[in-house]
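Please find below a note on the ligand and metal sites of the model shown here. The points are numbered for ease of reply.

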Amino acid sequence: MSVLIRGGRIVTAADDYVADLYIEDETITLIGESIDMPADKVIDAAGKYVLPGCVDPHTHLDMPFGGTVTIDDVESGQTAAAFGGTTCHVDFIIQPQGQSFAAAFDEWRSKANGKQVIDMGYHMAVTDLKEGGTLEELASLPDQGVTSYKLFMAYKGALMVDDETLFRTMEVAARTGALVMVHAENGDAIDVLVKRALAEGKTEPKYHALTRPPETEGEATNRAIQLAHVAGAPLYVVHVSCKESVEPIAIARDKGWDVWGETCTQYFFIDYDFLERPNFEGAKYVYTPPPRDKANQGVLWNAVRTDVLSAISTDHCAFLWDGQKTIGKNDFSKIPNGGPGLENRLQMIHEFGVRTGRISLNRMVELLATNPARLFGLYPRKGTIAVGSDADLVIFDPEKQVTISAATQRSRSDYNLFEGTEVRGSPELVLLRGNVLVENDDLVASPGIGRFVKRARFGEELKPARAAVAP
Ligand code: URP
Ligand code: ZN
Ligand code: ZN
């Protein structure tokens with residue numbers, strides 16, 4: 001199967017030029033002016049951007065959490081991703097306490113089997129090194145393409161690990177070449193604040209934020225940074241939401257430490273006030289870390305612009321408002337934490353990052369595709385447009401006007417965090433390894449087309465699937 005994409009504006013993290021692009025057997029084999037090659041399919045991309053398929057390094061599909069299971073499974077979540085221009089993501093396997101990593105890996109792979117619409121990898125969330133997985137087993141995961149370990153420093157009594165588990169995992173990562181990811185919040189302090197609030201009869205959604213002050217995020221971020229430095233492990237701090245967490249990351253990066261940070265789309269747009277919306281609507285915005293004061297939004301734009309933060313993910317962890325969020329109707333601590341977002345990251349960051357001049361088009365590609373691919377061992381197969389790379393591409397129409405709404409989204413959630421937002425610029429055509437996945441409003445490919453990707457170790461490159469062929 002060969003595809004010729006004609007005359008698009010090719011934008012990568014480093015370049016911006018108009019050219020033709022030729023695809024053979026899932027791989028980009030030629031980029032140049034006026035390519036004259038026979039093709040099974042010709043796509044006219046004049047006036048459009050040709051972007052690398054976006055890579056989302058932080059999603060939760062089909063995940064048991066908060067007394068329920070996320071509403072998007074692999075099929076619906078990845079369909080949403082595809083429509084949003086994301087062609088590869090890295091989801092979390094959660095090690096059930098008392099279980100081996102191998103059992104968890106098998107379980108998550110079989111849940112995804114036959115449902116995959118885009119390519120995917122997995123991080124391993126370590127919850128238990130005492131009764132469950134062993135250090136040796138953890139050390140063997142990178143050989144199977146699982147090259148990142150995630151630890152939750154919050155969610156006491158559920159996913160939270162103690163500092164011993166955190167530090168031991170970091171030591172394993174230092175010798176196996178895995179990247180350590182942390183959900184950085186001080187879970188012990190938050191637990192005290194939550195119990196006190198509930199004892200005082202404070203049950204509404206806004207107390208989710210009021211019991212998780214930004215200092216608890218800043219403290220845990222700094223603790224993780226210092227411990228990772230002692231262990232000699234690279235560290236990636238997920239869903240950074242506030243100045244208190246940005247600052248220690250900036251200090252560590254200034255010193256040249258292997259520390260990286262990510263924020264998520266929602267933290268640029270949703271602030272604490274959303275949690276105060278009446279009639280339990282605030283529950284839609286109960287995710288962790290919580291929406292912060294508006295002043296943090298400028299801090300985050302500045303951080304992604306200056307590379308203090310190096311990636312923007314969605315942390316897609318979708319629930320129904322009606323039927324799942326309502327579990328916490330009388331107790332904010334029982335509201336399942338998380339929100340949808342896989343479908344709108346590119347549209348939102350293009351509209352409010354690029355079109356407002358906060359970041360360049362190249363930087364957008366870097367934050368949404370190239371850096372996630374580099375950090376998580378997918379580059380250069382994913383995350384860029386180059387000869388030899390997978391032909392994961394987004395033909396993006398910079399003039400297409402869209403009003404974001406739950407009524408038209410592919411996620412199964414019954415709400416959208418950005419409801420009613422008008423954007424100019426949206427994917428028109430999305431290709432996965434040269435196969436058309438999405439064309440305007442249609443999913444063209446069938447579930448099953450997506451693959452599990454064995455990722456390279458931190459700092460290593462993922463070899464192209466096939467060697468580049470000379471024309
Ligand atoms: O509220 C959130 N973010 N839910 C997903 C789990 C996590 O902490 O990333
Ligand atoms: Zn988290
Ligand atoms: Zn998450």
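**Note on the ligand and metal sites**

1. A polar side-chain atom of H58 lies 3.4 Å from an oxygen atom of ligand 1, a polar contact being a pair of N or O atoms within 3.5 Å. The model is predicted: local features need pLDDT of at least 70 and side-chain atom pairs pLDDT 80 or more, while totals for chains, interfaces and linings use all residues. Side-chain values use heavy atoms, without hydrogens and water; residues are numbered from 1 along each chain as written, and chains are lettered from A and ligands numbered from 1 in written order.

2. Two further polar contacts involve nitrogen atoms of ligand 1. A polar side-chain atom of D315 is 2.7 Å from one nitrogen atom of the ligand, and a polar backbone atom of N337 is 3.0 Å from a nitrogen atom of ligand 1. The protein covers 100% of the 260 Å² of accessible area that ligand 1 has on its own (Shrake-Rupley method, 1.4 Å probe).

3. Which residues come nearest to ligand 1? Of the 13 residues around it, these are Y155, H183, T288, D315 and N337, where a residue is near if one of its heavy atoms lies within 4 Å. The shell divides into five nonpolar, seven polar and one charged residue; Asp, Glu, Lys and Arg count as charged, Ala, Val, Leu, Ile, Met, Phe, Trp, Tyr, Cys and Pro as nonpolar, and the others, Gly among them, as polar.

4. The zinc ion (ligand 3) has the protein donors H58 (NE2), H60 (NE2) and D315 (OD), at 1.9 to 2.1 Å; donors are N, O and S atoms within 2.8 Å of the metal (3.2 Å for Na, K and Ca), and sites may look incomplete as water is not among the atoms. Their spacing along the chain is H-x1-H-x254-D. The arrangement is tetrahedral because the four donor atoms subtend angles of 85 to 130 degrees, the criterion being all angles between 85 and 135 degrees.

5. For the zinc ion (ligand 2), the protein donors are H183 (ND1) and H239 (NE2), 2.0 Å from the ion. The site of this zinc ion is irregular, with angles of 57 to 152 degrees among its four donor atoms. The zinc ion (ligand 2) and the zinc ion (ligand 3) are 3.9 Å apart.

Note on methods. A polar contact is a pair of N or O atoms within 3.5 Å; within protein, one must be able to donate a hydrogen and the other to accept it, and residues adjacent in sequence count only if both atoms are side-chain atoms. Four donors count as tetrahedral if all angles lie between 85 and 135 degrees; four count as square planar and six as octahedral if opposite donors are over 155 degrees apart and all others between 65 and 115; anything else is irregular.
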